[in-house]
Amino acid sequence: MAGPLKVGIVGVGQRGLQHVEHLSRLQAEEEVRLVALADPFPENLEEQSIQSRAPAYRQGDATLYGSAGEMLREADLDAVWFVIPPNQHGGEIEIAAERGIAIFAEKPQTLFYDEAASQAEAIRRAGVLSTAGFQMRYEPWYVALREYTADKAVTSITMVHAGGIEGHGVKYTHTETMGGPGNRMWTANREWSGSSVVEAGIHQTDLMRYWTHDEIDWVQAAYVERDPSLHESEGDNPTAYTVVYGFKRGAVANLIFTRPARVYLNERYDYVLTTHSQVKFEDDLVAYGYVGDTYPPADRPDASEVRQVLARGPQGDPMGGANSLELDRRFVEAVAQNRPDLLKNTFESSLNSLAAVLAANVSHELNGERIHLEEFTTGERFARYRARPDKS
Ligand SMILES: NC(=O)c1ccc[n+]([C@@H]2O[C@H](COP(=O)([O-])OP(=O)(O)OC[C@H]3O[C@@H](n4cnc5c(N)ncnc54)[C@H](O)[C@@H]3O)[C@@H](O)[C@H]2O)c1
């Protein structure tokens with residue numbers, strides 16, 4: 001490819017600003033040229049306001065657009081980042097793919113599986129490179145864990161994500177003018193976010209696939225609904241989620257996800273069990289498992305004797321800027337060099353993570369019924385759950 005990659009961003013909000021910062025840094029390294037930004041709210045495109053969150057940004061000769069459609073019609077782009085609320089897609093990913101533009105889609109790609117399938121089909125047909133915004137796949141400890149499990153069978157994973165609804169930060173979509181929540185916290189709203197498991201728990205769900213080297217086969221879920229008297233102040237998403245995933249090769253995983261109000265605590269616990277070892281996140285990333293040739297050993301070993309360090313601490317922030325920058329950098333390199341092998345996922349390969357969280361909602365609605373993703377994604381019985389609701 002001659003010269004730096006020409007890139008654009010659709011949606012310059014909380015997450016879009018992080019991509020603006022990363023792409024501006026990559027522009028300073030002459031890897032890209034940030035040629036276009038699109039957002040329907042002009043104040044989100046003001047240079048000073050962008051710089052307050054993305055200090056490396058200079059508007060320069062970047063063109064600003066009021067809609068994705070206008071940008072895709074007019075700008076000369078090699079790659080585009082879609083960073084909008086997941087219920088706001090309107091065929092733009094398909095148009096970008098048809099125009100031969102590589103696609104970076106933030107997670108969750110959409111709230112409606114039929115729409116995701118249509119986006120994936122357009123990307124496949126056009127043969128453009130694509131990826132989805134799962135930065136934890138670039139986290140060094142998680143990469144080490146994936147390498148450790150490569151020649152093992154993961155049997156179970158327990159993930160507990162204890163987080164509060166206050167953790168959502170500033171949002172830039174003017175939902176108050178769009179029939180959405182008056183306080184812009186669309187992530188706490190069921191209709192806009194899909195649920196917290198769809199909007200946020202998709203990260204953990206995707207990580208489970210990353211560590212098992214496997215695909216999710218079925219889902220069962222039970223949520224604790226938030227009391228309606230709290231919807232006005234806290235949003236209408238559930239306060240607690242228990243989701244069980246069954247994997248194709250037999251592993252079972254639990255995702256326990258909490259979103260209480262007033263609890264200013266964010267913690268993760270992850271336990272990964274393989275046939276003969278237990279992986280634990282301590283000050284270092286460690287695996288406990290006896291690796292001697294003869295089993296059982298003559299003398300019962302102490303835990304410290306079967307302890308193997310997989311990665312040294314301290315661990316960085318898995319969701320943080322370093323891994324997101326790496327994700328952006330890798331996508332830029334993959335597109336510039338036409339090297340799909342540099343990517344850790346594609347739009348299409350991420351569909352299983354999306355289907356799993358969308359089906360978790362359905363399982364909860366059907367009182368914990370086991371939902372097989374094959375049937376969820378293709379069966380007539382689930383057609384109404386896959387389609388965008390008709391508001392006419
Ligand atoms: N990977 C991550 O860690 C991560 C973190 C935060 C958000 N996200 C994802 O990024 C996406 C955006 O979230 P956010 O937190 O930035 O929300 P946000 O509301 O802060 O920003 C969204 C931006 O998109 C704009 N927008 C809305 N509809 C649009 C449309 N049709 N065309 C063009 N622009 C439009 C809004 O004006 C706003 O500026 C979501 O899918 C979210 O789940 C990912």
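Arg262 counts as exposed in this predicted model, because just 8 C-beta neighbours fall inside 10 Å, and a residue with 12 or fewer is put in that class. Look for Arg262 in the loop between strand 10 (252-258) and strand 11 (267-274). Its backbone is a little out of the ordinary run of things to look at: phi of Arg262 is near 70 degrees, a positive value in a residue that isn't glycine. Asn367 makes a good companion to look at next, with phi near 55 degrees, again positive in a residue other than glycine. Asn367 sits in the loop between helix 12 and strand 15 (371-372), and with 7 other C-beta atoms within 10 Å, this residue is exposed too.

Two prolines come with cis peptide bonds. One such bond joins Tyr295 and Pro296, where omega is about 0 degrees; Pro296 belongs to the loop between strand 13 (285-288) and strand 14 (307-311). The other runs from Gly313 to Pro314, with omega near 0 degrees, and Pro314 is placed in the loop between strand 14 and helix 11.

Stepping back to the whole chain, the protein splits into domain 1 (5-134 + 322-346) and domain 2 (153-275 + 353-386). As the ranges show, each domain is put together from two stretches of the chain. Their C-alpha centres lie 25 Å apart. Where the domains meet, 16 residues from domain 1 and 21 residues from domain 2 take part in the contact. On the domain 1 side, helix 5 (residues 113-126) gives the most, with three residues. Sorted by class, that side of domain 1 has nine nonpolar, five polar and two charged residues.

Now for the sheet. Six strands make up an open sheet with parallel pairing, in the order 3-2-1-4-5-6. The edges are taken by strand 3 (63-65) and strand 6 (130-132), each of which has a single partner strand, so one side of each goes without a neighbour in the sheet. On average, and ignoring direction, neighbouring strands here are turned by 20 degrees against each other. Strand 1 (residues 5-10) and strand 4 (residues 79-82) run parallel and are joined by four bridges. Within this pair, Val10 stands opposite Phe82 in strand 4. Helix 11 (residues 321-336) lies across strand 1, strand 2 (32-38), strand 4, strand 5 (102-105) and strand 6, and runs at about 135 degrees to strand 1.

Val10 and Phe82 turn up again in the protein's interior. The largest nonpolar core has 100 residues, and Val10, Phe82, Ile103 and Val219 are those with the most contacts inside it. Helix 12 (residues 351-365) gives the most to this core, namely eight residues. Both domain 1 and domain 2 give residues to the core, so it lies between them. Leaving aside residues up to four places away in sequence, Phe82 touches Val10, Gly11, Ile93, Ile103, Phe104, Ala105 and Glu106. Apart from the largest core lies another one, of five residues, including Ile165, Met185, Trp186 and Ala188.

Conventions
Residues are numbered from 1 along each chain as its sequence is written. This is a predicted model: local features need pLDDT of at least 70, side-chain atom pairs count only at pLDDT 80 or more; totals for chains, interfaces and linings use all residues. Two strands pair if DSSP finds at least two bridges between them. Helices (H or I, at least four residues) and strands (E, at least two) are DSSP runs, numbered from the N terminus. Axes are lines fitted to C-alpha atoms, for helices over the stretch in contact, and angles run from 0 to 180 degrees between N-to-C directions. Two residues are in contact if their C-beta atoms, placed from the backbone, lie within 7 Å. A nonpolar core is a set of buried Ala, Val, Leu, Ile, Met, Phe, Trp, Tyr and Cys residues joined through C-beta atoms within 7 Å. A residue is buried if 20 or more other C-beta atoms lie within 10 Å of its own, exposed if 12 or fewer, and partly exposed in between; C-beta atoms are placed from the backbone. Domain bounds come from an automatic or database domain assignment. Ala, Val, Leu, Ile, Met, Phe, Trp, Tyr, Cys and Pro count as nonpolar, Asp, Glu, Lys and Arg as charged, and the others, Gly among them, as polar.
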